Amino acid sequence: MIDQWAIRPLAAQDDVDRSSREDTSSDLYSLYRKEDDFFGRQSVRKGLWLAVLAYLLFSITDIILIPDVSVSTIAARSSISVLSLAILEIFILKEGSKDVLEMVCALAVVLGYAGWLLVAIKTEHVQNFSHYMVFGALFMMGANLFFAFRFSISVVSSILILLFFFVSLGSFPADLPYKICIGTFFMSCFVFTAYINWNLNLERFNVFLNALEAKRQQKEAAERGQALLRLSRTDPLTNLNNRRAIDEILRHYHDDWRYFGTNFGILLIDVDFFKKFNDYHGHPQGDHCLSLVAKALGSITKSYGGSIGRYGGEEFIALVRADCKEQLIAFAEAVRRTVEELALPHRGRRDRSSIVTASIGASITREGTDAKLERMISEADRALYLAKANGRNCVRLFEPNDPGGSDLNDRIAGALKDAINRDLVSLAYQPIKHIESGRIDTVEALMRLHTSDGMEISPYFFIPIAEKYGTILDLQLWMIRTVCTEILAECDVLNVSVNISPIELKTADFAASVAAILEETGAPGDRLIFEITERLEIELESEILTCIRALKLLGIRIWLDDFGTGFAGLSWLRLIDFDTVKIDRSFLADCATSEGRILLCDIANLVRNRGPNILVEGVESNEQLVLLRELGIDQAQGFHIGMPSPAERLLRGGAILATARETV
């Protein structure tokens, strides 16, 4: 090994730097010695056993070259070997350090040479021994090179071997030229092997430093990678899981339920009247409020062994294992109380409370229900709206036969009748990217509904109610007219897709109503797209096919939405000439596994063989976008591509419009 003083010449010239670097070198040397001691003890042991074996094999040359004293030399070799190995094994059992083991080995080398030499020099075969003496250099080489002792031990043991050699050479009856020749040879071996040992120790130390630096860089790279991974999965404001991360956790919960029957519950947590909080207290205080609420929610959720994330705006989603409704309700009540007990002032409220509270909607896995994640989220969403409608700051669990849910449905159905006149509905537009060109030439129109007190109602909730109570047609025609006036008549480069319910396709004058809107607004039909969902189980009746043919005559393109999740997909592909097929987001989410990727590839090939373009929903990362490009998918849509935004922002923002104009 290398001595501490051997690295001190590397220090800087000035005293301050020299002192600092000597301290650093000392620390590094101590670390080097500790690591070398850990890995070197067994190598020293193996080295001595091999050296002893070679030492004993030289008994053969004793018998050949100095037979008259061979019995004595063999006895000396055997005694020294047994003694050396015994001492070594004792120190190993006592867990001696590598330094101690090296000194035992060095002593064995010196004694091995001295013991053999003192006996062998008495031989009468003087000429043979004069040649045989040259092999004494092997002991010096062993001390400096074979065992690779640290420099001080190597030099001391080599000097002792050299002294024994010169003492024996002085008493050996040989002429002066021989003594000069062999003495010079031994001195040269000492100098060369000692120098090599010095360099080897320096090189080992440098290798250690390089390895240490490589480990440090690898550790820093791994930490940066972990930090980037955490950043990509963490909401920057609340430090909770972001939507991407919580969706992944939700899929794990869902898979455990499907395959192992492990029940779980979903909580949708909404901070009550948060828009009014921002209006009254300001957005910085609003962000601070969300941070405090998120910290409290994270703590209570962790105590129940669950997971929580920010789902958007002031809404959070919590997941927890729950065997029954009572367990889930207990958890939900604990979450609600946690927010209430923060007692954060909320002076912008117009109800009887003056602190920040939360409304919670809950859903739990149940036997006999379908295995779609969207169903559970929709149920929790409905329960949340029910909680808001019942005074807020409360928990509601979704119950299929809950009369309160029916009351809420009736109230929303009533609101839908006047929604257009009271400006309670609006549109947002989400961009769709053409993967090969990277351009955005299409946006999807998404309907938004707000109650009179500002509460936003999810389309998953109000669209089925509108279909049930017969208001969907009025809403749909309003949506088409608004798309034509807001986008198609104002912008000559964007295509707009609109979701159409199969119920409208069965309406006798739907195609005629659409034609009237196009004529009234002057919007071109070839830039209007109708998306038909396959989630509903309906028969492909003749009036639907007739309506679709009429719409195509107007230039309107027909897309099949949510392919792979419903009942009629393959039949519809066979009977209807779709321009594009949108593959449901769940298939892309499953591409984290090789089986999921193969399934998406198979579905894409099936659709491609039928002729339509392929669009995949739910793109939330660049990695997913790269995968779609590798699979030859035509278009992509999702939060990674762009978030929904109002028409004014879409047209005035310029970014989407600029990429769209590149296609013209």
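Are Tyr253 and Phe264 buried or exposed? In this predicted model, both Tyr253 and Phe264 are buried. The two residues belong to a wider set of aromatic contacts, as a search of the whole structure finds 13 aromatic pairs.

One of these pairs is formed by Trp116 and Tyr132, whose rings meet edge-to-face with 5.2 Å from centre to centre and 85° between the planes. This pair links distant parts of the chain: Trp116 lies in helix α4 (residues 98–120) and Tyr132 in helix α5 (residues 126–132), 16 residues apart. Trp116 has a relative accessible area of 3% and is therefore buried, the cut-off being under 20%. Tyr132, at 1% relative accessibility, likewise counts as buried.

For Tyr253 and Phe264, the ring centres are 5.6 Å apart and the planes stand at 65°. Because an angle over 60 degrees counts as edge-to-face, this pair is placed in that class. Here too, distant parts of the chain are linked, with Tyr253 in helix α9 (residues 243–260) and Phe264 in strand β1 (residues 264–271), 11 residues apart.

Trp116 and Tyr132 are also members of one aromatic cluster, which they form together with Phe58, Phe129 and Phe135.

Contacts between charged side chains and aromatic rings were identified as well. Arg77 lies over the face of Tyr55, at 4.8 Å from the ring centre. In a further contact, the ring of Phe273 has the charged end of Arg392 over it, 4.0 Å from the ring's centre.

Key: Residues are numbered from 1 along each chain as its sequence is written. This is a predicted model: local features need pLDDT of at least 70, side-chain atom pairs count only at pLDDT 80 or more; totals for chains, interfaces and linings use all residues. Side-chain values use heavy atoms; hydrogens and water are left out. Rings of Phe, Tyr and Trp (its six-membered ring) pair if their centres lie within 6.5 Å; planes under 30 degrees apart count as stacked, over 60 as edge-to-face and the rest as tilted. Helices (H or I, at least four residues) and strands (E, at least two) are DSSP runs, numbered from the N terminus. Buried means under 20% relative accessible area, exposed over 50%, partly exposed in between (1.4 Å probe, protein chains only). A charge sits over a ring if NZ of Lys or CZ of Arg is within 6 Å of the ring centre and within 35 degrees of the ring normal.
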